[in-house]
Each structure stands twice: as structure tokens, then as C-alpha cells.
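Welcome, and please open your viewer. We will go from stop to stop, selecting a few residues each time and looking at what is there.

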Amino acid sequence: MHSFGNRVNAVLIFAVTILALMCAMASLSDNLNSPSASAQVQVLKINWFQKQPNGNDEVSMTLNISSDLQSLFTWNTKQVFVFLAAEYETPKNSLNQISLWDGIIPSKEHADFLIHTSNKHRFIDQGSNLRGKEFNLTLHWHVMPKIGKMFVDKLVMPGYRLPEEYR
Ligand SMILES: *[C@@H]1O[C@H](CO)[C@@H](O)[C@H](O)[C@H]1NC(C)=O
Ligand SMILES: *[C@@H]1O[C@H](CO)[C@@H](O)[C@H](O)[C@H]1NC(C)=O
């Protein structure tokens, strides 16, 4: 005959097994959801563009960022971290990545947004490579689930260019 302790133990093991199974299914079903995100960014204005005394170029710009990341949200999404990066090539580095803006989207209701802002983080080159420089604006996102692994993706918007002259 089973003792009371044994029964409690068996129930507990059963519960833990079911929970583990549910967690596995949760992260699996989440992975099957293939989201389609959209984003458009306009550089509305170059506020100023200068070479600093130390020789590094710095530019300040006003951006119009519109994005719909609602499809990233499932019942298993805790929040989404997004950042917009300027990405460009220089003789020294094949990829320079400078975060211009970032945010945390707490829910699906906030995932369709329009933001009109000057760059929140400074856009400074490690050198004086920015005049006439072509760059991409890339929206990166990290989806933080309630259960399971973090999911990372991005959307590249190519074809931006900085002015030829400082101003
Ligand atoms: C910003 O972008 C949105 C959506 O693309 C557009 O409707 C709006 O007119 C833009 N704002 C400016 C100031 O250009
Ligand atoms: C910018 O985007 C284009 C097109 O997607 C890509 O070929 C290029 O490598 C990107 N440049 C950088 C520096 O990431």
C-alpha cells in the first residue's frame, strides 16, 4: 500500500511533468508564429553636422519612425525591446552600428506607433567618415517571452545618405 507521502510525491511529479510539457509546447507554438513586422523611417531634417575638435564626425537628425510590430505579440510575449540603428561601412570597419533610438513596447496596443524625434543617442563616427556617407537604418527587435527563449530579428531600410558638407 502507498503511504500518504508517496501519493503526494507522485502527484507532485505528475504536476511537474505536465508543467514542463506545457512550457515546451508554449515555446514551440511561439516559434511557429512567423511574424510580419513593418517599419518606415524618414530623416526629416539634418539639425546639424559637424566635425568635433577631436576629429570625429557627429550628426544630429530628426526622424519620423513609424512601425507596426503588433504581429510580434502572442499570448506568450512579455515585452519587446526595439532599437533603430544607423549602419554603415568604413575603411576600418565593415559594420559600424550606432543606436539612434530605442524603446520598450509593453503590449500589443503600443506596438503600432509613430514617433517624431531627434536621435536620442548621439550619432558619432570613430573618425571623419560621415560626409556623403550612405547608411542603412535598421530596426532591431528582441522579443522577450514569458516562457522560452528570446527571439531576435530586424528590418533593414537601405538607401539613406548624409550630406556632402558639414552644416
Ligand atoms: C511621418 O510618417 C507618417 C507615416 O509614414 C506620415 O503619415 C507623416 O506625415 C510623417 N510626418 C512628417 C512630419 O513627415
Ligand atoms: C545595407 O543594406 C544593404 C541592402 O540590404 C546591404 O546589402 C548592405 O550590406 C547594408 N550595409 C551595411 C553596412 O550593413
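How many nonpolar, polar and charged residues does the shell around ligand 1 have? Keep that question in mind while you make your first selection. What you see is a predicted model.

**Stop 1: ligand 1**

Select ligand 1 together with Gln42, Leu44, Asn64, Ser66 and Leu114, the residues around this ligand. Sort them by class and you have your reply: two are nonpolar, three are polar and none is charged.

Now zoom in on Asn64, where an N or O atom of the side chain is 2.3 Å from an oxygen atom of ligand 1. Then move to Gln42, which has a polar side-chain atom 3.3 Å from an oxygen atom of ligand 1. Show the surface next: ligand 1 taken alone exposes 360 Å², and the protein buries 44% of that. Colour strands β1 (38-51) and β2 (57-68) too, as these are the elements that give two or more residues to the shell.

**Stop 2: ligand 2**

Which residues are around ligand 2? Select Tyr88, Glu89, Leu95, Asn136, Val156 and Pro158 to see them. This shell divides into four nonpolar residues, one polar and one charged.

Look closely at Asn136, whose side chain has an N or O atom 2.3 Å from an oxygen atom of ligand 2. On its own, ligand 2 has 360 Å² of accessible area, and the protein covers 48% of it.

**Stop 3: a sheet of four strands**

Switch to a cartoon view and find the open sheet with the order β4-β3-β7-β8, in which the pairing is antiparallel. Why does β4 (96-105) have one side without a neighbour in the sheet? Both β4 and β8 stand at the edges with a single partner strand each, so one side of each is left without a neighbour there. Turn the sheet around and compare the strand directions: neighbouring strands are turned by 20 degrees against each other on average, direction ignored.

Start at one edge with β3 (residues 77-88) and β4, an antiparallel pair joined over nine bridges. Tyr88, which you met around ligand 2, has Asn96 in β4 as its bridge partner.

Then go to the other edge, where β7 (residues 134-145) and β8 (residues 151-161) are also antiparallel, over nine bridges. Select His140 and you will find Lys154 of β8 standing opposite. Follow the chain through the hairpin of β7 and β8, with its five residues between the strands, and pick out Gly148, which takes a positive phi near 105 degrees.

**Stop 4: the whole chain**

Finally, zoom out and colour by domain: the domain assignment gives domain 1 (1-32) and domain 2 (33-161). Over C-alpha atoms, the centres of domain 1 and domain 2 are 42 Å apart.

Note on methods:
Residues numbered from 1 in each chain as written. Chains lettered and ligands numbered in written order. Predicted model: local features only at pLDDT ≥ 70, side-chain atom pairs only at ≥ 80, totals over all residues. Heavy atoms only, no water. Near = heavy atom within 4 Å. Polar contact = N/O pair within 3.5 Å; in protein donor to acceptor, adjacent residues only side chain to side chain. Areas by Shrake-Rupley, 256 points an atom, 1.4 Å probe, with all protein chains shown as cover. Nonpolar A, V, L, I, M, F, W, Y, C, P; charged D, E, K, R; others polar. Domains from an automatic or database assignment. Pairing = 2+ DSSP bridges. Axes fitted to C-alpha atoms, helices over the stretch in contact; angles between N-to-C directions.
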